[in-house]
Amino acid sequence: MLRCVFLAVSAMVLVACATITRGTTQVVAVDTPGAPGTSCAIQTQNGPQVVTTPGSVTLSRGSSSLPIQCTKECYLLGSSIIPSNAESMAAGNVIFGGIIGLGVDAASGAMNKYPDVVTVAMTPDPACRAPEPAPPNRGPPRHISVVSRAHRARGGVGTFSGWRW
């Protein structure tokens with residue numbers, strides 16, 4: 001009997017505490033469909049975190065929504081908000097963990113959750129032209145001397161654009 005009570009209480013404590021079961025950080029995937037290689041900056045309480053799409057970033061859980069801005073050459077600035085929602089385990093904490101468990105989860109941010117995937121729409125900039133490819137390298141430039149046969153026949157020596165011929 002004592003053993004069953006101990007197991008029941010242990011299960012309630014573990015289920016009730018999001019800090020223990022879910023942790024205080026979360027991995028969030030960021031994608032910009034149609035524009036891979038986009039650089040996205042997420043403004044967090046600890047400063048900006050940058051990720052190149054498609055990619056993932058580890059965020060500290062918190063109750064604040066986080067702004068995200070994405071930039072890529074020949075695309076307009078893409079902006080969005082990463083919303084923060086209450087974790088479902090917070091309800092269990094109120095029932096089983098009481099005010100202390102709820103306070104710990106609220107202070108650590110563990111009772112909050114961001115979406116697993118964030119998608120930011122990127123719009124091509126119609127005013128932007130993609131850079132033209134560089135011409136193929138044909139080696140060092142050659143100087144060609146323009147001398148008429150008649151001039152050479154007369155033994156002429158002169159200069160043309162700084163070159164002696």
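**Exercise 1. The pairing of β2 and β3**

Determine in which sense β2 and strand β3 pair in this predicted model, and over how many bridges.

*Solution.* Step 1. Strand β3 covers residues 47-52, and its pairing with β2 is antiparallel, with six bridges. The coordinates are those of a predicted model.

Step 2. Individual residue pairs show how the two strands are aligned. Cys 40 stands opposite Val 51 in β3. Gln 43 has Pro 48 of β3 as its bridge partner.

Step 3. The connection remains to be described. β2 is joined to β3 by a hairpin of two residues.

**Exercise 2. The open sheet**

State in which order the four strands of the open sheet are arranged, and explain why one side of β3 and of β6 is left without a neighbour in the sheet.

*Solution.* Step 1. The order is β3-β2-β5-β6, with antiparallel pairing.

Step 2. β3 and β6 (78-82) stand at the edges and have a single partner strand each, so one side of each has no neighbour in the sheet.

Step 3. On average, neighbouring strands of this sheet are turned by 25° against each other, direction ignored.

Step 4. The pair β5 and β6 can be examined in the manner of the first exercise. These strands are antiparallel and share five bridges. Gln 69 has Ser 79 as its bridge partner in β6.

**Exercise 3. Two backbone features in loops**

Identify which residue in the hairpin of β5 and β6 takes a positive phi, and which two residues a cis peptide bond joins.

*Solution.* Step 1. The usual case serves as the reference: most residues other than glycine have a negative phi, and most peptide bonds are trans.

Step 2. The hairpin of β5 and β6 has six residues between its strands, and Cys 74 is the residue with a positive phi there. Cys 74 is not a glycine, yet its phi is about 70°.

Step 3. The cis peptide bond lies between Thr 53 and Pro 54, with omega about -10°. Pro 54 belongs to the loop between β3 and β4.

**Exercise 4. The nonpolar core**

Find how many residues the largest nonpolar core has, and which strand supplies the largest share of this core.

*Solution.* Step 1. The core has 16 residues; Val 30, Ile 42, Leu 59, Ile 68 and Ile 82 have the most contacts inside it.

Step 2. At least two residues of this core come from each of β1 (25-31), β2 (39-44), β4 (55-60) and β5 (66-71). The largest share, three residues, is that of β5.

Step 3. One of the core residues may be followed further. Beyond four places in sequence, Ile 82 touches residues including Ile 42, Leu 66, Ile 68, Tyr 114 and Val 118.

**Exercise 5. Ser 84 and Ser 65**

Decide whether Ser 84 counts as buried or exposed, and do likewise for Ser 65.

*Solution.* Step 1. Buried means under 20% relative accessible area, exposed over 50%, and partly exposed in between.

Step 2. Ser 84 has 15% relative accessibility and therefore counts as buried. Ser 65 has a relative accessible area of 39%, so Ser 65 is partly exposed.

Step 3. Both residues lie in loops. Ser 84 is placed between β6 and β7 (85-86), while Ser 65 is placed between β4 and β5.

Step 4. Contacts beyond four places in sequence complete the description. Ser 84 touches Gly 62, Ser 63, Ser 64, Ser 65, Asn 112, Lys 113 and Tyr 114. Ser 65 is in contact with Ile 81, Ile 82, Pro 83 and Ser 84.

Step 5. Two distances between C-alpha atoms may be added. Ser 84 and Asn 112, 28 residues apart along the chain, are separated by 6.2 Å. For Ser 65 and Ile 81, 16 residues apart, the separation is 6.5 Å.

**Exercise 6. Confidence and the whole chain**

Establish what the mean pLDDT of the chain is and how many helices and strands the chain has.

*Solution.* Step 1. The mean pLDDT is 74, and 53% of the residues reach 70 or more. Over residues 4-21 the pLDDT is below 50, although the model gives this stretch 23 contacts beyond near neighbours in sequence. Residues 102-109 also stay under 50, with 18 contacts beyond four places in sequence.

Step 2. Where pLDDT is low, the predicted coordinates should not be read in detail.

Step 3. The secondary structure consists of four helices and 11 strands. Of the 165 residues, 26% count as buried.

Conventions:
Residues are numbered from 1 along each chain as its sequence is written. This is a predicted model: local features need pLDDT of at least 70, side-chain atom pairs count only at pLDDT 80 or more; totals for chains, interfaces and linings use all residues. Side-chain values use heavy atoms; hydrogens and water are left out. pLDDT is the predictor's confidence in each residue, from 0 to 100. Contact means heavy atoms within 4.5 Å. A nonpolar core is a set of buried Ala, Val, Leu, Ile, Met, Phe, Trp, Tyr and Cys residues joined through side-chain atoms within 4.5 Å. Buried means under 20% relative accessible area, exposed over 50%, partly exposed in between (1.4 Å probe, protein chains only). Two strands pair if DSSP finds at least two bridges between them. Axes are lines fitted to C-alpha atoms, for helices over the stretch in contact, and angles run from 0 to 180 degrees between N-to-C directions.
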